[in-house]
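This briefing goes through one protein model, topic by topic. Please keep the sequence and the structure in view while reading.

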Amino acid sequence: MILPSAFRRALPAYSNEVIFMLHGSVLASVITIVDLLGAARIINSRYLAPYEAFLSVAAIYLCFTFLIVGGFKLLENRWFAHLRPREQTTGKKQTQPA
């Protein structure tokens, strides 16, 4: 009973942390870890093609970020379905009292 409730409460914070880790991997490439940005630097130093290398890396990171955000949005829609207002199935339009 407690675990599903804990997942629902932790999911937004966890999704933010995953995105921060993805962005942190770019900063880690400055130290010595070769990731996508490090590979782009190697391509730039070898072939002197900075625009192609860094723009393609930026596009890849953008796709990764959108995939991760979309995946967490799907999870949140599934796990927070009970919090969304339900639509009336009677077909009658409800009016607000004046």
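**Threonine 65 and its surroundings**

Threonine 65 is buried, because its relative accessible area is 17% and the cut-off for burial is under 20%. The model described here is a predicted one. Threonine 65 lies in helix H3, and the points below begin with the chain as a whole before returning to that helix.

**Overall fold**

- The protein chain contains three helices and zero strands.
- Along the sequence, the pattern of the protein chain reads α-α-α.
- Among contacts between residues at least 6 apart in sequence, 58% join residues at least 24 apart.

**Surface and burial**

- The protein chain has 98 residues, of which 18% count as buried.
- Its accessible surface amounts to about 8400 Å², and carbon and sulfur atoms account for 67% of that surface.

**Nonpolar core**

- The largest nonpolar core consists of five residues: Leu22, Ala40, Ala53, Val57 and Tyr61.
- Helix H3 gives the most to this core, namely three residues.
- In soluble globular proteins, nonpolar side chains tend to be buried together.
- Valine 57, a member of the core, is in contact with Leu36, Leu37 and Ala40 when its neighbours within four places in sequence are left aside.
- Ala40 thus appears both in the core list and among the contacts of valine 57.

**Positions in helix H3**

- Helix H3 covers residues 50–79.
- Which residues does threonine 65 touch, not counting residues up to four places away in sequence? They are Ile19, Leu22 and His23; Leu22 is also one of the core residues.
- Is tyrosine 51 buried or exposed? Tyrosine 51, also found in helix H3, is exposed, because its relative accessible area is 63% and exposure begins over 50%.
- The C-alpha atoms of tyrosine 51 and alanine 40 are 9.6 Å apart, and the two residues are separated by 11 residues along the chain.
- Isoleucine 60 has its place in helix H3 and counts as partly exposed, because its relative accessibility is 34%, a value in between the limits of 20% and 50%.

**Nonpolar surface patch**

- Ile60, Phe64 and Leu67 make a nonpolar patch on the surface.
- The area of this patch is about 290 Å².
- Helix H3 therefore holds a residue of the patch, Ile60, as well as the buried threonine 65 and the exposed tyrosine 51.

Note on methods
Residues are numbered from 1 along each chain as its sequence is written. This is a predicted model: local features need pLDDT of at least 70, side-chain atom pairs count only at pLDDT 80 or more; totals for chains, interfaces and linings use all residues. Side-chain values use heavy atoms; hydrogens and water are left out. Patches are made of residues with over 30% relative accessible area and no salt bridge: like charges are joined within 9 Å, nonpolar side chains (Val, Leu, Ile, Met, Phe, Trp, Tyr) within 5 Å. Accessible areas come from the Shrake-Rupley method with a 1.4 Å probe; for residues, only the protein chains shown count as cover. A salt bridge is a side-chain nitrogen of Lys or Arg within 4 Å of a carboxyl oxygen of Asp or Glu. Helices (H or I, at least four residues) and strands (E, at least two) are DSSP runs, numbered from the N terminus. Buried means under 20% relative accessible area, exposed over 50%, partly exposed in between (1.4 Å probe, protein chains only). A nonpolar core is a set of buried Ala, Val, Leu, Ile, Met, Phe, Trp, Tyr and Cys residues joined through side-chain atoms within 4.5 Å. Contact means heavy atoms within 4.5 Å.
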